[in-house]
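Q: Please take a close look at one part of this protein, its main nonpolar core. Then set that part in its wider context, residue by residue where that helps.

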Amino acid sequence: MKIGFIGLGIMGESMCENIVKNHSDTVYCSDLNKEQVKKLESLGATGCDSNIDVAKSADVIITMVPKSEHVKAVYTELLPYIDSTKICIDMSTIDPSVSVECANMIKAKGAQFADAPVVKSKPAAIAGELGILVGCDESLYETIKPILAYMGCNIIRMGENGAGLAMKICHNTLCAEIQNGVNETLLLAKSMGISAEDYHTAISYGGAQNFYLDAQWQNIENENWTTAFSLENERKDLGICERLAGDQNVDMPVMKHVKSVYDKGFDAGIGKEDWRATYKIVRGDYD
């Protein structure tokens, strides 16, 4: 089974690399950044000049691109080359409604489609230890699970098309809410003379222990804003959550507050920095 991978960004590059390392058949890849394609070629992938070339050659087409409009554009471009022999897996984080629209478009051609967004960040992508949240038919899930296992070690089917993305948005929104709580209480503790290290240790003793604090407190203390997951990408996800909450008539006041923090960071010009840079917004650096 030949696999094609479209989108070699921060996450996609490492995800594709793990497929190349573990898959016994040909892996095709394409990206607007031709240097990324060349890098994957050096590891054994077959680079393609266009997304269409990937679609023509591969049995399974995997996409990992930034936004809803990009996913829709890619699959609209590929549609003439899609038939009943193809399986499409979109691993981007986009609006569930757009993903369902793409799924219906692909299924009308006789092909199969899954949304399979990932959780965790670059280090997990490198290690092949991503969490993967899948929305698709149950039979398709069993078919694609071995391929997803090249990239992740925690894989779960959430339901039909769109369900993986709905869960991803819930996940990322909760992460941002936890993060904002860390930022606020860390600032309060430091204002009272408590060190960041002692704050982290004390939190670890109780029910407030959390992965974000464990992984990021030293980076925050050292003012390290090097990007593993950008502020602007998390802002995009919160925007999706805001739309979903409106559609479902669910009131989420904490999400709205946290989104306002991200909006302020984006407007301040730090959208390309890591999402933990919201600490600077809470600290009042851009008032």
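A: Start with the core. In this predicted model, the largest nonpolar core has 35 residues. Six of them touch the most other members: M15, I62, M91, I132, V134 and L148.

Take M15 from that group. Leaving out residues up to four places away in sequence, M15 touches F5, M64, M91, V118, A125, L130 and M151. M91 thus appears twice: M15 touches M91, and M91 is itself among the residues with the most core partners. A second core lies apart from this one. That other core has 28 residues, including A176, W225, M255 and V261. In soluble globular proteins, nonpolar side chains tend to be buried together.

Now the frame around these cores. The protein has 13 helices and nine strands. Its radius of gyration is 20 Å, and the globule rule gives 19 Å for 287 residues, so the protein is as compact as a globular protein of that length. Along the principal axes, the C-alpha atoms fill a box of roughly 65 × 45 × 35 Å. Of the 287 residues, 49% count as buried.

Contacts across the sequence come next. Among contacts with a separation of 6 or more, 66% join residues 24 or more positions apart.

The surface can be put in numbers too. The protein exposes about 13,000 Å². Carbon and sulfur atoms supply 52% of that area. There are 27 positive and 40 negative charges, and their mean positions are 3 Å apart.

Next, a buried tyrosine. Y199 sits in helix α9, which spans residues 196–204. Its relative accessible area is 8%, under the 20% cut-off, so Y199 counts as buried. Beyond its sequence neighbors up to four places away, Y199 touches V182, T185, L186, A189, I194 and L213. One of these, A189, is ten residues from Y199 along the chain. Their C-alpha atoms are separated by 7.0 Å.

I194 is another of the residues that Y199 touches. I194 lies in the loop between α8 (163–191) and α9. With the same sequence neighbors left out, I194 touches A189 and Y199. At 40% relative accessibility, I194 is partly exposed, whereas Y199 is buried.

Back to the first core for a moment. L148 is one of its best-connected members. Helix α7 covers 138–148, and A149 is in the loop between α7 and β9 (152–159). A149 is partly exposed, at 41% relative accessibility. A149 and Y28 are 121 residues apart in sequence. In space they are 18 Å apart, C-alpha to C-alpha.

Two backbone details finish the tour. K120 has a positive phi, near 85 degrees, and is not a glycine. K120 lies in the loop between β7 (118–119) and α6 (122–127). Its relative accessible area is 47%, which makes K120 partly exposed. V118, one of the residues that M15 touches, falls within β7.

E223 is the second case. Its phi is positive, about 55 degrees, although E223 is not a glycine. E223 is found in the loop between α10 (211–221) and α11 (231–248). At 38% relative accessibility, E223 also counts as partly exposed.

Note on methods
Residues are numbered from 1 along each chain as its sequence is written. This is a predicted model: local features need pLDDT of at least 70, side-chain atom pairs count only at pLDDT 80 or more; totals for chains, interfaces and linings use all residues. Side-chain values use heavy atoms; hydrogens and water are left out. A nonpolar core is a set of buried Ala, Val, Leu, Ile, Met, Phe, Trp, Tyr and Cys residues joined through side-chain atoms within 4.5 Å. Buried means under 20% relative accessible area, exposed over 50%, partly exposed in between (1.4 Å probe, protein chains only). Contact means heavy atoms within 4.5 Å. Helices (H or I, at least four residues) and strands (E, at least two) are DSSP runs, numbered from the N terminus. The radius of gyration is taken over C-alpha atoms; the globule rule is 2.2 Å times the number of residues to the power 0.38. Accessible areas come from the Shrake-Rupley method with a 1.4 Å probe; for residues, only the protein chains shown count as cover. Lys and Arg count as positive and Asp and Glu as negative; His and the chain ends are not counted. The place of a charge is taken as NZ of Lys, CZ of Arg, CG of Asp or CD of Glu.
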